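Here is a friendly note to read with the model open beside you. Take the points in order and find each element on screen as you go.

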Amino acid sequence: MRALKWTTTGLTLVFLVAPLLVIAIVSVNENRYMDFPPQGLSFEWYWALWTDLGWRSAILTSLTVASLGALVAVAIATPLAYVLRAYRIRLSPLLYALGILPFMLPPVISALGAQVFWNAADHAGRIENVIIAHGIFFSTLPLITISLAMETMDPALPEAAQTLGANPRTTFRTITLPLLVPSMITGYAAAFVLSLNEYIIAFLVAGFSVQTLPIKIFNGIRYGFTPTIASVAVVFIVIAATVFSLFAVFGNLLRFLGADPAILERNDA
Amino acid sequence: MSDRKPTHGTYAVLAVPVTMLVVFFLVPFGIMVASSFYHRVEGGFYTPAFELNSWRRLFTEVFIERAVFSIGISLLAGAVCIAVAFPFTFFLTRMKRRPHVALLVVVMSALSLSEVIVGFTWSVLLGRAAGISNILVWLGVMDEARAYQPGFVAVLLGLCYIAFPYCVLTLYPSLSRLDREVTEAAQTMGASPWRTFWTVVVPISRPIIVAGFLLVFVFTLGSYLISAILGRPEHWTLSVFISDQASFNANVPFAAAMAIFLTVLSLAVVGVVTVVESRTRRLT
């Protein structure tokens, strides 16, 4: 069993990390073409991310789409999660399902739907189409985080505010909303990261005129490799690993992932 | 708090998100359903009509082959992922703080990678220019570098890579809460760790194994870039086929018919997951 434990863990770790290592090596290869063992060390491909206009504009487009798309997602999710959890509404399960549905289905469904919709509206190929499509598709994530926060909120807090004479609007603004902010931020971050990585919706909605980073990378793979693709990948990997390491050190990553709160005390004992 | 009566103001607040979802999700979906009946004009356009041509194409051999391949490789990816992720997650939940957190950070980092980057890294790793075979040649194990992509195994590996972290995260909460006394009791009674794993841990976890398997299935069924990058056209999943028809072949009606087929298929699987989950919740 002990042997199985270390082989399973070891092999899985190699499986997860191996492609990342290879890509890191390719990204610092001096030669324009991939070769192994690498020829010389060079960081010019990282520099090219900023100096090359095509890459820079793809990065900026992606950041625009992700930041505004995640904003749309939170703007849709917050009132929906609040009203469905705070009030007794007959269609509540149905409306919640409507918020979950886009994300449950394969993304190509939302992608094709948005494509025919904007074609019908004669407004194809604009960046705002991508922002809205991402906002709808990823609104499920803040909807889930905010709904969970509503469920775990102490009902005595808004009740106390009302007993003290606050009207519903003041209660919401001064009590409920501040308590929901952490879950809104988590939902925003999740939607932001996934929107940054999303390809098929961005491609079908406006892929020929709005070039996001994943579209640029995919075109790069298809029509001509440059080590810059590898350096983008490395930048993404480093950002992700840093964010989650910080989360593990300063936040409660294990709790966030749903672990039993006492798990580590027991394992360390 | 959930028993407050809604007022007119409540409905006004609710109207905003619901309108957004209806206008930008349900209406597009409706237009897509309608356009599956439209007439396709050669050259990339379509005109409103009512014909069943696109639907009839769903029964041609090419499409059935695509659908069967897509479903088959997703089932296989689900099986492989569970077979590896279940013991991995089980061992992970029994580790001390440092390796425990470190492995979770690796899993979460892999999770946050874009599909396009995963596809690209595997295409390099399995390629002829700077991949595994080059390392083997360099070490003297192999004579000549080989390319393992595009190919079926490459697509399967890529699909497992993108689905594996989600699979681990589905299994993690329940495995971390698995009562230690249960496994300890089995071992006190004389069962070996191996036997305990097979006769106690796996049977207890059956519902979550099913849920994880179906999650991987739906997730990989909708994947696009992995099979587009790592596969030949015969390895394309339905998603690639749909978007290919919608963009390069400019046959939106046929793409729409296939998309509706994929929707029904995914909803059926999600329905099964929901039933399984509610049944296990009743049992516990």
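The numbered points below go from confidence, to the two chains, to the places where helices pack.

1. **Start with confidence.** Please keep in mind that this is a predicted model. For the complex, the predictor reports an ipTM of 0.83 and a pTM of 0.85. Chain A has an average pLDDT of 85, and 96% of its residues score at least 70. Chain B likewise averages 85, with 96% of the residues at 70 or above.

2. **Where confidence varies.** In chain A, the lowest mean belongs to helix α14 (residues 263–268), at 72, while helix α6 (residues 127–138) has the highest, at 95. Within chain B, strand β2 (residues 45–47) has the lowest mean pLDDT, 76, and α1(B) has the highest, 91. It is worth remembering α1(B), as this helix comes back in later points.

3. **Chain A, element by element.** How many helices and strands does chain A have? The count is 14 helices and zero strands. Following the sequence, you therefore meet one α after another, in the pattern α-α-α-α-α-α-α-α-α-α-α-α-α-α. Along the principal axes, the C-alpha atoms of chain A fill a box of roughly 75 × 65 × 35 Å.

4. **Chain B and its overall form.** Chain B comes to 13 helices and two strands. The box filled by its C-alpha atoms, again taken along the principal axes, is roughly 75 × 70 × 35 Å. The radius of gyration of chain B is 24 Å, whereas a compact globule of 284 residues would have one near 19 Å.

5. **How the chains touch.** The contact draws 77 residues from chain A and 82 residues from chain B. Which element gives the largest share of chain B's side? That is α1(B), with 16 residues. By class, the side of chain B that touches chain A holds 55 nonpolar, 18 polar and nine charged residues.

6. **A way to read helix pairs.** Two packed helices are described by the angle between their axes and by the distance between those axes. The next three points use this description.

7. **α3(A) against α1(B).** Helix α3 of chain A (residues 53–86) and helix α1 of chain B (residues 8–35) have axes that come within 9 Å and cross at roughly 135°. That angle makes α3(A) oblique to α1(B), and the crossing is left-handed. From α3(A), the contact uses I76(A), P79(A), L80(A) and V83(A); from α1(B), it uses T10(B), V13(B), L14(B), V16(B), P17(B), M20(B) and L21(B). Sorted by class, this contact of α3(A) with α1(B) has ten nonpolar residues, one polar and no charged.

8. **α11(A) against α5(B).** Helix α11 of chain A (residues 213–223) and helix α5 of chain B (residues 115–125) pack at an angle of about 25°, and their axes are 9 Å apart. That makes α11(A) roughly parallel to α5(B). The crossing of α11(A) and α5(B) is left-handed. Here P214(A), I217(A), F218(A) and I221(A) meet V116(B), I117(B) and F120(B). The classes are easy to remember: seven nonpolar, no polar and no charged.

9. **α3(A) again, now inside its own chain.** What is the handedness when α3(A) passes α7(A)? The crossing is right-handed. The axes of α3(A) and helix α7 of chain A (residues 140–152) come within 8 Å and cross at roughly 35°. On the α3(A) side, the residues include A73(A), V74(A), A77(A), Y82(A) and R85(A); on the α7(A) side, they include L141(A), I146(A), M150(A) and E151(A). By class, this contact has twelve nonpolar, two polar and two charged residues.

10. **One residue to look up.** Try finding L80(A) on screen. This residue takes part in the contact of α3(A) with α1(B), and L80(A) is also listed where α3(A) meets α7(A).

Technical notes: Residues are numbered from 1 along each chain as its sequence is written. Chains are lettered from A and ligands numbered from 1 in the order in which they are written. This is a predicted model: local features need pLDDT of at least 70, side-chain atom pairs count only at pLDDT 80 or more; totals for chains, interfaces and linings use all residues. Axes are lines fitted to C-alpha atoms, for helices over the stretch in contact, and angles run from 0 to 180 degrees between N-to-C directions. Helices (H or I, at least four residues) and strands (E, at least two) are DSSP runs, numbered from the N terminus. Angles under 35 degrees count as roughly parallel, over 145 as roughly antiparallel, 65 to 115 as roughly perpendicular and the rest as oblique. A crossing is left-handed if the near helix is turned anticlockwise from the far one by less than a right angle, and right-handed if clockwise. Two residues are in contact if their C-beta atoms, placed from the backbone, lie within 7 Å. Ala, Val, Leu, Ile, Met, Phe, Trp, Tyr, Cys and Pro count as nonpolar, Asp, Glu, Lys and Arg as charged, and the others, Gly among them, as polar. pLDDT is the predictor's confidence in each residue, from 0 to 100. The radius of gyration is taken over C-alpha atoms; the globule rule is 2.2 Å times the number of residues to the power 0.38.
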